Each structure stands twice: as C-alpha cells, then as structure tokens.
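Visitor: I should like to learn how the packing of a protein fold is read from its coordinates. May we work through an example together?

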Amino acid sequence: MLSKAEESRGAGHPAIRHLVAIDDVPDAVLENLFATAEDMAATLRIPTRLSSHTGRIIALLFFEPSSRTILSFRAASARLGAGVIAHQGAGSSSLSKGESIEDTIRVVGGYADLIILRHEESGVATRAARVSTVPLINAGDGGNEHPTQALIDMFTIRKEYGRLHSLSVGMGFDPQHSRSIHSLCRGLSRYANNSVMLIGPRELWWDAAQLDLLRGRGLQVDQTEDLDALFECEIAYVNRFQAERISDLGLALEYRDRYRVRYGALAKSKIELLLDPLPRVHEIEEEVDELPQAAYFRQAANAVPVRMALLALMV
Ligand code: NCD
C-alpha cells in the first residue's frame, strides 16, 4: 500500500530519534514527512488497513487531558496496523505513588516500540527523551511545545494555502501559554519571509527573550493588544486562553469577549484561512464555521495522516 518513495523513506536509520521540539525534525525530513502524509491521506480513502506496522506497539502516556491528540494518535496507529497501550490521567498511574517520569519511561520502553507522552510540566519531555530507549514523541509538555500539532498546522497551511514561506499570520489569544503557538512560530521561522503578529492582552505577551530568539531565527514577530490586527493578516491562528496555565483566571474571563473571532469581522476581513488547534472554547463564534476560511475541522482531520507519516518515519 505504501508508495516506492515511502518505502525508501523508511529505509536506514530513523531520521528523527526523539521528537521533543519542532526543531527535532530536520529540514530535509520536513518535506518528506508532508509528502508521506499526503500518501497516507490517500490510503484513508481506500477501506483497507495498512499492515506496515503489524506487531509494533505504540504506548500513549497522557498525564494531562486530551481528546484530539490521543484519539488521532490511536487512529493513526490503528491505520498502520500497530497495537496501542495507553494510560490516560496521572491519577491512575504510578506517578501518583511517587514514581519518577524517568522510571515510568524506562519501564514502558520495555513494553513498546515508541512512546507518546503528554505532561502538564514544561521540560518533562526533554527529561523523558534523555532516558528513553525507544523513540519518544512529545504530545505537549505544559506551556512549552507541541511539535506534532505544529506539523499538522504546517501541513494544513501548505495544503490549503500552497506555501509555507512569505506568510503574514496573526496568532492569538494567549501567546504566552499556548504551546501550539510556540511550536508553530518556531516551525514557521524555518521558512523565509514569514511574519507573525501575536495578539492578546499585554499580561499574556511574550517576553523580550522569546521575541529575540525568534527574530534571531529570521521570523518577523511583533505583538499587539489590538484584535483588529488579526483581520489584516492572510492567515489567522487562534487558540483558547489556556486557563490551566493562567495564574489569574479572572483575567481570561475578562478578556474572553474582547478576543473572539466573530462572523461579521471575519467575513469582511483579509483573512483567507482561519485555523485553531482546538478545543474551541469561546475564541471563535459558531456562526463562523460556515465561512470558507474556517479550516479548523479540516485541520483536525489532517492529524491522522500527519501522525501516520510521523509514526511510519520513527518506528
Ligand atoms: C492544544 C493543546 O493541547 O495544546 N490542543 C490540541 O492538542 N489540539 C490546544 C489547546 O488545548 O488549547
């Protein structure tokens, strides 16, 4: 079922050992990954199951809530013929007895061929990868990174907008805590001539060091409190206020109505593509769904072929 190109891509050493940050995907691998994801999407239209990964086991360790990420990784694994073992919720795992994440990873590495980890704490994926004997994928570590979401977002932009360079992207509304925004900015900084406007309340802005880092990588990045700036961009990428990581919760509630994509504003804007990693909480009015720019459910569906391509590359 896999194309010749895909078979040859799978040959030799894995191109990605661990995927902790979007930078762990080398430039040369990115295009291959997107092309393989297109191959995978084509296989989804044929009601047969790939058998390339029969006998392989994927471990899902999700110690923080998840719907899309866990289910699309499960779907991707099933589509490849791999078996899945899973833990959802830290409370039911031995972490709650005081076991370290390192020991958990050492043990699960003896059960599975690849580990996918989500954890509420920034930096845990790095610690886990350090001791993992099998490839490890970071499925979100606190407010730090969510590299597979960035791959899905980039695949979607490439598919719907035709390119990943020379883009003007507005991103909101919690730039400080959204790991999806962090990883996507890092991803877009690898292509020429991209500019990002971060939009949200000043309290949730990036600090100077974060801005400098991305600017140093060639991304033009600025921030504003003005929602109207979003509607001046070609692509809008919005995400809910990350309430679980905001110390002053009243702040998120106060700003919910101010930072919202409404039908009227979007319909008459320059925006050609509206993305959201989801879940949607309040940041996009439901009426917006019927506009052609609303691509977030198509973006969510792209998770399966992109994650299939990634698993095929790493296992
Ligand atoms: C994102 C996440 O978990 O960071 N969701 C996802 O994986 N699609 C975004 C969010 O929770 O707001």
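Visitor: Which residues does Thr-156 touch, not counting residues up to four places away in sequence?

Guide: In this predicted model, Thr-156 touches Tyr-161, Leu-275, Gln-299 and Asn-302 under that condition. Thr-156 itself lies in helix α6, residues 147–161.

Visitor: Does Thr-156 count as buried or exposed?

Guide: The cut-off for buried is under 20% relative accessible area. Thr-156 has a relative accessibility of 0%, and therefore counts as buried.

Visitor: How should the packing of two helices be described?

Guide: Two packed helices are described by the angle between their axes and the distance between the axes. For α2 and α6, the axes cross at roughly 75° and come within 11 Å. The two helices are therefore roughly perpendicular to each other. On the α2 side, the contact is made by Leu-30, Glu-31, Leu-33, Phe-34, Ala-37 and Glu-38; on the α6 side, by Leu-151, Met-154, Phe-155 and Arg-158. By class, this contact of α2 with α6 has seven nonpolar, no polar and three charged residues.

Visitor: At what angle does α2 pack with α12?

Guide: Helix α2 (residues 27–44) and helix α12 (residues 303–314) pack at about 120°, and their axes are 8 Å apart. Roughly perpendicular covers 65 to 115 degrees and roughly antiparallel begins over 145, so α2 and α12 are oblique to each other. The crossing of α2 past α12 is right-handed. The contact of α2 with α12 comprises 14 nonpolar, two polar and no charged residues.

Visitor: How may one recognise the buried side of a helix?

Guide: An α-helix has 3.6 residues a turn, so residues three or four places apart point the same way. In helix α5 (residues 124–131), the buried residues are Val-124, Ala-125, Ala-128 and Ala-129. They cover an arc of only 130° around the axis, and are therefore on the same side of α5. These buried residues pack against α4 (101–108), β3 (114–119) and β4 (136–141).

Visitor: Turning to a strand, what surrounds Leu-273, not counting residues up to four places away in sequence?

Guide: Leu-273 is in strand β9, residues 273–275. With a relative accessible area of 2%, Leu-273 is buried. The residues that Leu-273 touches, with that exclusion, are Ile-157, Glu-160, Tyr-161, Glu-234, Ile-235, Ala-236, Gln-293 and Ala-295.

Visitor: How far apart in space are Leu-273 and Leu-291?

Guide: Their C-alpha atoms are 9.9 Å apart, and Leu-273 and Leu-291 are 18 residues apart in sequence.

Note on methods:
Residues are numbered from 1 along each chain as its sequence is written. This is a predicted model: local features need pLDDT of at least 70, side-chain atom pairs count only at pLDDT 80 or more; totals for chains, interfaces and linings use all residues. Side-chain values use heavy atoms; hydrogens and water are left out. Axes are lines fitted to C-alpha atoms, for helices over the stretch in contact, and angles run from 0 to 180 degrees between N-to-C directions. Angles under 35 degrees count as roughly parallel, over 145 as roughly antiparallel, 65 to 115 as roughly perpendicular and the rest as oblique. A crossing is left-handed if the near helix is turned anticlockwise from the far one by less than a right angle, and right-handed if clockwise. Ala, Val, Leu, Ile, Met, Phe, Trp, Tyr, Cys and Pro count as nonpolar, Asp, Glu, Lys and Arg as charged, and the others, Gly among them, as polar. Buried means under 20% relative accessible area, exposed over 50%, partly exposed in between (1.4 Å probe, protein chains only). The arc is that of the directions from the helix axis to the C-beta atoms. Contact means heavy atoms within 4.5 Å.
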